[in-house]
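This report looks at one protein chain and at the salt bridges within it. Please look over the sequence and the structure before reading on.

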Amino acid sequence: MARSSSGIVAGLTVAAIAAIGFLGYQAHATAPAHPAKPAAQAPANPQNQPPAQEAAKPAVLPAESGSGQRVVYSVSQKRVWLVTEDGKEPKTFTVVPSTVHPAPGSYLVNSRAGTVTGSDGVPIEHVVRFANSTEGIAIGFSARADGALPQPDPAKKTGGIRMSRADGDAMWAFALYNSKIVVVP
C-alpha cells in the first residue's frame, strides 16, 4: 500500500510542477515587451495636504519644549515631534491646526478614542485629547478617516489638530493615557 501511495504523490507532484511551468510560460509569452509608463498625475490639491517640509531645513525640536518622553506641538510651526527618552531622533510631521489653539504649556493626555465624529461633523480616528479651551472645546490630535487634510472652516470653533492617517497611527501608538504633551508657541 505504501508503494502505491508514494507513486500517487510523485505523480501529483510532477503534474503540479508541469502546471506551474506551463502557467509561467503563458505569463511570460503574453507579457508586453515594454510595459506602458504610468500616466502623469495632476498635483494634489494643496488645500488637502499638510505643508511640505523643506528638504534643506530639518525641523529642529524647539529648545523650550521640556525634557523626557513627550509629544511636542508647535502652534506656529504647525508641527509635532514624538520625543523618546532614548535620545534617538524624534519622529516629526506637519499638522493642520484647529481654529481653537491650546495655550502654551504642559498637558497630559486625558482621553483617547478610536473612531468618533469630529466637532466639524466628519468621521475621525485615533483621537488623542489633552486640553479644553476656555470655551469648553476639547483640543486634541486626530486623523480624518477619509485621509483628507483640508483647512478648518474659520467660522467654526473646532479643537481637532489634524494629521495624516499614517501620522495618526504613530501618535496613537505613542501618546497613551497620561502621556505628556508640551505646547509651544
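Accessible areas here come from the Shrake-Rupley method with a 1.4 Å probe. By that method the chain exposes about 11,400 Å², and carbon and sulfur atoms supply 60% of this area. The model is a predicted one. Of the 185 residues in the chain, 34% are buried.

**Overall layout**

Two helices and nine strands make up the secondary structure of the chain. Their order along the sequence is α-β-β-β-β-β-β-β-β-α-β. Among contacts with a separation of 6 or more, 52% are between residues 24 or more positions apart.

**Salt bridges**

There are five salt bridges in the structure. Three of them are described here, and the table lists their partners and distances.

| Partner | Partner | Closest N to O distance |
|---|---|---|
| Asp120 | Arg162 | 3.1 Å |
| Arg165 | Glu125 | 2.6 Å |
| Glu135 | Lys157 | 3.0 Å |

The side chains of Asp120 and Arg162 form a salt bridge. This pair joins distant parts of the chain, 42 residues apart: Asp120 is in the loop between strand E5 (111–117) and strand E6 (123–132), while Arg162 belongs to strand E8 (residues 160–162). Buried means under 20% relative accessible area, so Arg162, at 9%, counts as buried. Asp120 has a relative accessibility of 28% and therefore counts as partly exposed.

Arg165 pairs with Glu125 in another salt bridge. Here too the link is between distant parts of the chain, with 40 residues separating helix H2 (residues 165–174), where Arg165 sits, from the position of Glu125 in strand E6. Which of these two partners is buried, and which is partly exposed? Glu125 is buried, because its relative accessible area is 10%. Arg165 is partly exposed, with a relative accessibility of 39%.

Glu135 and Lys157 also meet through their side chains in a salt bridge. Glu135 is in the loop between E6 and strand E7 (138–144), and Lys157 is in the loop between E7 and E8, so this salt bridge ties together parts that are 22 residues apart in sequence. Exposed means over 50% relative accessible area, so Lys157, at 53%, is exposed. Glu135, at 48% relative accessibility, counts as partly exposed.

Notes:
Residues numbered from 1 in each chain as written. Predicted model: local features only at pLDDT ≥ 70, side-chain atom pairs only at ≥ 80, totals over all residues. Heavy atoms only, no water. Salt bridge = Lys/Arg side-chain N within 4 Å of Asp/Glu carboxyl O. Helix = DSSP H or I, 4+ residues; strand = E, 2+ residues; numbered from the N terminus. Buried < 20%, exposed > 50% of the residue type's maximum accessible area, 1.4 Å probe, protein only. Contact = heavy atoms within 4.5 Å.
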